Amino acid sequence: MEEESPNHLLNERARRADKIVRNPEKYKICAGCESIIAVKVSICPNCHAYRFMTERNMVIVQAQQLANREPRSVAFRDMD
Ligand SMILES: [Zn+2]
């Protein structure tokens, strides 16, 4: 996954962020690492935290920030 071109990654991130922004009720933010994960997941696959923020506005803002941020984490992995 890290071998892919930056443009491809950027498009992928933007696409996923858009999906989250349009369906914020399906996602939540990990309180430990700020990853966005599916609401059905009970433990964060990234940091194994089990506390989450589920407010739609926060999910939307976080998705937009992650889409525009330099890739630095696995925030968008294991979401689907
Ligand atoms: Zn986490």
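This report describes the fold, sheet, helix packing and core of a predicted model.

## Overall fold

The chain has 80 residues, of which 22% count as buried. Its secondary structure consists of 2 helices and 3 strands, and along the sequence these elements follow the pattern α-β-β-β-α.

Among contacts in the chain with a separation of 6 or more, 51% link residues that are 24 or more positions apart.

## The sheet

The 3 strands make an open sheet in the order E2-E1-E3, with antiparallel pairing. E2 and E3 are the edge strands, each pairing on one side only. Strands of a sheet pair through backbone hydrogen bonds, in either a parallel or an antiparallel sense.

E1 and E2 are joined antiparallel over 3 bridges, and Lys28 stands opposite Ile37 in E2. The two strands form a hairpin with 5 residues between them. Within that turn, Glu34 has a positive phi of about 65 degrees.

The pairing of E1 with E3 (residues 52-53) is also described as antiparallel and has 2 bridges. Here Cys30 has Phe52 of E3 as its bridge partner.

## Helix packing

Two packed helices are described by the angle between their axes and the distance between the axes. For H1 and H2 the angle is about 170 degrees, and the axes are 9 Å apart. H1 is therefore roughly antiparallel to H2, since angles over 145 degrees count as roughly antiparallel. On the H1 side, the contact is made by Arg13, Ala14, Ala17, Ile20 and Val21. H2 contributes Val59, Ile60, Ala63, Gln64, Leu66 and Ala67. By class, the contact comprises 9 nonpolar, 1 polar and 1 charged residues.

H2 also lies across E1, E2 and E3, and runs at about 70 degrees to E1.

## Arg16

Arg16 is located in helix H1. This residue counts as partly exposed because Arg16 has 18 C-beta neighbours inside 10 Å, whereas a buried residue needs 20 or more. Arg16 and Ala67 are separated by 51 residues in sequence, and their C-alpha atoms are 8.1 Å apart in space.

## Nonpolar core

In soluble globular proteins, nonpolar side chains tend to be buried together. In this model the largest nonpolar core has 12 residues: Ala17, Ile20, Tyr27, Ile29, Cys30, Ile36, Ile37, Cys44, Phe52, Val59, Ala63 and Leu66. At least two of these residues come from each of helix H1 (6-22), strand E1 (27-30), strand E2 (36-38) and helix H2 (56-68).

Several core members also appear in the helix contact and the strand pairings. Ala17 and Ile20 of H1 take part in the contact with H2, as do Val59, Ala63 and Leu66 on the H2 side. Ile37 is the residue opposite Lys28, and Phe52 is the bridge partner of Cys30.

Leaving aside residues up to four places away in sequence, Cys30 touches Ser35, Ile37, Cys44, Asn46, Cys47, Ala49 and Phe52. Of these contacts, Ile37, Cys44 and Phe52 are members of the core, as is Cys30.

Note on methods. Residues numbered from 1 in each chain as written. Core = buried A, V, L, I, M, F, W, Y, C linked by C-beta atoms within 7 Å. Helix = DSSP H or I, 4+ residues; strand = E, 2+ residues; numbered from the N terminus. Contact = placed C-beta atoms within 7 Å. Pairing = 2+ DSSP bridges. Axes fitted to C-alpha atoms, helices over the stretch in contact; angles between N-to-C directions. Parallel < 35°, antiparallel > 145°, perpendicular 65-115°, else oblique. Nonpolar A, V, L, I, M, F, W, Y, C, P; charged D, E, K, R; others polar.
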